[in-house]
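Here are some exercises to work through with the structure open beside you. Try each task before you read its solution.

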Amino acid sequence: MTSKIRVGIAGCGKIALVTHVPGYLKVPDVEVAALCDTDNGRMDKICADHKIQPARFTSYAEMLKSG
């Protein structure tokens, strides 16, 4: 039984939108579990474009604490 690797992405600018998120979504056993950015619109775009609903944070420290 393989458990998923859960990743959190801090910073949801263009590189996250076009490289990081799509790359992680292609890897079996990896889940984009959290996004972090001070701009909610950037997180909205990533969620809409990639049809994902990860936890969302405006503080990377809070994201890391969440586990």
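Before you start, keep in mind that this is a predicted model.

**Exercise 1. The sheet**

Task: Work out in which order the strands of the open sheet lie, and which strands stand at the edges.

Solution:
- Step 1. Trace the strands: the open sheet has three of them, in the order 1-2-3, and their pairing is parallel.
- Step 2. Look at the edges. Strand 1 and strand 3 each have a single partner strand, so one side of each has no neighbour in the sheet.
- Step 3. Check the twist: on average, neighbouring strands here are turned by 30° against each other, direction ignored.
- Step 4. Zoom in on strand 1 and strand 2, which pair in the parallel sense over six bridges. Gly8 has Ala34 in strand 2 as its bridge partner, and Ile9 has Leu35.
- Step 5. Ask how covered strand 2 is: six of its seven residues are buried, making this strand mostly covered.

As background, strands of a sheet pair through backbone hydrogen bonds, either parallel or antiparallel.

**Exercise 2. Helices on the sheet**

Task: Find which strands each helix touches, and at what angle the helix directions lie to strand 1 and strand 3.

Solution:
- Step 1. Return to the pair of strand 1 and strand 2, with its six bridges. Helix 1 packs on the sheet and touches both of these strands, its direction making about 175° with that of strand 1.
- Step 2. Helix 2 also packs on the sheet, but touches strand 2 and strand 3; the angle between its direction and that of strand 3 is about 160°.

**Exercise 3. A closer look at helix 1**

Task: Compare the span of helix 1 with the expected value, then locate its kink.

Solution:
- Step 1. Helix 1 has 13 residues, and the expected span counts 1.5 Å for one less than that number. This should give 18 Å, and the end C-alpha atoms are indeed 18 Å apart, so the two agree.
- Step 2. Now follow the axis: there is a kink of about 30° at His20, shortly before the proline Pro22.
- Step 3. Pick out the buried residues of this helix, which are Ala16, Leu17, Val21 and Pro22. Strand 1 and helix 2 are among the elements that cover them.
- Step 4. Take Leu17 as an example. Its relative accessible area is 17%, and because buried means under 20%, Leu17 counts as buried.
- Step 5. List the contacts of Leu17, leaving out residues up to four places away in sequence: Pro22, Lys45, Ile46, Asp49 and His50. Leu17 and Arg42 are 25 residues apart in sequence, and their C-alpha atoms are 8.6 Å apart in space.

**Exercise 4. The nonpolar core**

Task: Identify the residues that touch the most other members of the largest nonpolar core, and the elements that give two or more residues to this core.

Solution:
- Step 1. The largest nonpolar core has 13 residues; those touching the most other members are Ile9, Cys12, Val21, Val32, Leu35, Ile46 and Ile52.
- Step 2. Strand 1, helix 1, strand 2 and helix 2 each give two or more residues to this core.
- Step 3. Select Ile46, which sits in helix 2. This residue counts as buried because its relative accessibility is 0%. Beyond four places in sequence, Ile46 touches Cys12, Ala16, Leu17, Val21, Leu35, Lys51 and Ile52.
- Step 4. Do the same for Ile52: apart from neighbours within four places in sequence, its contacts are Val21, Leu25, Val32, Ile46 and Cys47.

In general, nonpolar side chains tend to be buried together in soluble globular proteins.

**Exercise 5. Positive phi in the loops**

Task: Asp29 and Lys51 are residues to inspect; decide whether each is exposed or partly exposed.

Solution:
- Step 1. Place Asp29 in the loop between helix 1 and strand 2. Its phi is near 70°, a positive value in a residue that is not glycine.
- Step 2. The relative accessibility of Asp29 is 36%, so this residue counts as partly exposed.
- Step 3. Move on to Lys51, in the loop between helix 2 and strand 3. Here too phi is positive, at about 50°, although the residue is not a glycine.
- Step 4. Lys51 has 75% relative accessibility and therefore counts as exposed.

How values were computed:
Residues numbered from 1 in each chain as written. Predicted model: local features only at pLDDT ≥ 70, side-chain atom pairs only at ≥ 80, totals over all residues. Heavy atoms only, no water. Helix = DSSP H or I, 4+ residues; strand = E, 2+ residues; numbered from the N terminus. Buried < 20%, exposed > 50% of the residue type's maximum accessible area, 1.4 Å probe, protein only. Core = buried A, V, L, I, M, F, W, Y, C linked by side-chain atoms within 4.5 Å. Contact = heavy atoms within 4.5 Å. Bend = angle between axes of the 7 residues up to and from the residue. Pairing = 2+ DSSP bridges. Axes fitted to C-alpha atoms, helices over the stretch in contact; angles between N-to-C directions.
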